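Colleague: Please display the model together with its sequence. I should then like to put some questions about it.

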Amino acid sequence: MPRTEEKYIVALDIGTSKVCVLVGEVNDRGQLEIIGKGTSPMKGTRRGNIINLDQAIDAVKKAVDEAEVMAGLQIESVFVGIAGDHIRSVNSRGVVSVMGRHKEIAREDIERVIEASKSINIPTELELLHVIPREFVVDGQDGIHDPLGMTAARLEANVHIVTGARTHNQNVLTCVNKAGIAVQEIVLEQLAAAEAVLTHDEREMGVLLMDIGAGTTDYAVFLEGNVVHTNVLPVGAGHFTSDISVVLRTPMEDAERIKRRYGCALGSLVTEDDPIEVPTVGGRAPKILSKHELTNILEPRAAEIAKLVYRDLEKVGLDKEIRSGVVLVGGGAEMEGMVEMVEQVFNQQARKGTPRGFGGLADTVAGPEWAATAGLLLWGFRSQAKVRKRPVKGLAKVAQSFRQWFATSQ
Ligand SMILES: Nc1ncnc2c1ncn2[C@@H]1O[C@H](COP(=O)(O)OP(=O)(O)OP(=O)(O)O)[C@@H](O)[C@H]1O
Ligand SMILES: [Mg+2]
């Protein structure tokens, strides 16, 4: 049973197009209920990177205020998502000999082998965000998930290491802290999203999770239950909007509206051909466009996103491993035909991922756009997050969170 102060968990996603906040409460049955939600449009980031700190702080404050009012509590600390084209990940391996007299693997051996797996050359401008054990190898026997208590002379760990640019991570921390909030943990967004939308079987059989956000497409491959590959493509659903705006010479706001209302990623799906009215700049008369013509603008970009991700999986030898297919999240997954485009390029089944596993206001996050924030909440839930009701905001708290975060990230 959670203690009162462990009852609340808050997730914060600073996206390219908007900031999202969710507040969760653990109920008496130990389930997570969503009790608050806040959003605010974002202009201070590009491709997942903060480019205007003041605007980003403002957007975080607005979204947090909205969620505080709805949940009826003051938010003290958050689990914050990180994404962007500065993220790099590699697989690494550590080896140690088992210490104890009876060669029984103890917790310290596991900690040492994970420590050993971190000793790769990381450029000074990058820092570790996650070190995720994929499997342990015990005296040559691979595929072991929990080696604690087993008897062996040699223990190996295969891990997935995620790094982020030091400056960018610092900007995220500064942004959240300047909004008066401490950071409990920084979590890679696609790993968070996976918590909310993937099934156990999908992770076991092999699955690709693709988060098509406004600025980037973040993705992760899971195999035998664990993450084995993560990467970021600096192209996202925002590019559909700019393509429409450039080709049709229409303002961005109109391009965005047309994309959401009529946009389709795959020409072969377009049957009706009702005319679409496109406003132009400079007071000229609106243009008339058919849905086919609109799809001709969008299809190459949708194919580009799917093909670039597919080629990357081919390069790392994972294209044949995603036996349960592809799960699409992020706002871009909402575009008609995107699922079908991905199915065509990957020659695999694909589906939209909708957050699951919540009570309370779960219906308000029942769309792929909410996967990352909802997943952060589940990640926090699983890490037994602590957000106290009516806490004191202040520098001491912020400094403490810095230490907390650095402690876990090194
Ligand atoms: N129905 C729709 N059709 C097409 N695009 C859509 C639709 N709904 C939302 N989008 C697009 O999805 C994007 C927003 O998605 P999301 O909220 O996942 O992005 P973000 O988290 O702000 O960005 P990022 O993850 O890149 O930092 C916008 O480009 C928006 O236009
Ligand atoms: Mg996003």
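**Loops, buried residues and cores**

Colleague: Where is the place of Glu224?

Modeller: The elements here are DSSP runs numbered from the N terminus, helices being H or I runs of at least four residues and strands E runs of at least two. Glu224 falls between two such strands, in the loop that separates strand 13 (217-223) from strand 14 (226-233).

Colleague: On what basis are such statements made, and is Glu224 buried or exposed?

Modeller: This is a predicted model, in which local features need pLDDT of at least 70 and side-chain atom pairs count only at pLDDT 80 or more, while totals for chains, interfaces and linings use all residues. Residues are numbered from 1 along each chain as its sequence is written, chains are lettered from A and ligands numbered from 1 in the order in which they are written, and side-chain values use heavy atoms, with hydrogens and water left out. By relative accessible area, buried means under 20%, exposed over 50% and partly exposed in between (1.4 Å probe, protein chains only). With 53%, Glu224 is exposed.

Colleague: What is phi of Arg249 near?

Modeller: Most residues other than glycine have a negative phi. Arg249, in the loop between helix 6 (238-248) and helix 7 (252-262), is exposed at a relative accessible area of 63%. Its phi is positive, as is that of Glu224, which is near 45 degrees; for Arg249 the value is near 50 degrees.

Colleague: How many residues does the largest nonpolar core hold?

Modeller: A nonpolar core is a set of buried Ala, Val, Leu, Ile, Met, Phe, Trp, Tyr and Cys residues joined through side-chain atoms within 4.5 Å. In the largest one, Leu12, Ile14, Ile75, Val80 and Val176 touch the most other members, and the core holds 71 residues.

Colleague: Which domains give residues to that core, and where does it therefore lie?

Modeller: The domain bounds come from an automatic or database domain assignment. Because both assigned domains contribute residues, this core lies between domain 1 (4-85 + 167-192 + 356-409) and domain 2 (88-163).

Colleague: How many residues does the second, separate core contain?

Modeller: This core is separate from the one just described, and Tyr219, Val221, Leu266 and Val326 are among its members. It contains 43 residues.

Colleague: How are helix 4 and helix 10 oriented to each other?

Modeller: Axes are lines fitted to C-alpha atoms, for helices over the stretch in contact, with angles from 0 to 180 degrees between N-to-C directions. Those of helix 4 (residues 189-197) and helix 10 (residues 371-382) come within 6 Å and cross at roughly 85 degrees. Angles under 35 degrees count as roughly parallel, over 145 as roughly antiparallel, 65 to 115 as roughly perpendicular and the rest as oblique. The two helices are therefore roughly perpendicular.

Colleague: Which residues does Leu377 touch?

Modeller: Leu377 is in helix 10 and counts as buried, at 0% relative accessibility. Contact means heavy atoms within 4.5 Å. Leaving aside residues up to four places away in sequence, Leu377 touches Ile9, Val10, Ala11, Leu22, Val23, Gly24, Leu32, Ile34 and Phe358.

Colleague: How far apart in space are Ala59 and Ile14, C-alpha to C-alpha?

Modeller: Ala59 belongs to helix 1 (residues 53-71) and is buried, with a relative accessible area of 3%. Although 45 residues separate Ala59 from Ile14 in sequence, their C-alpha distance is 8.7 Å.
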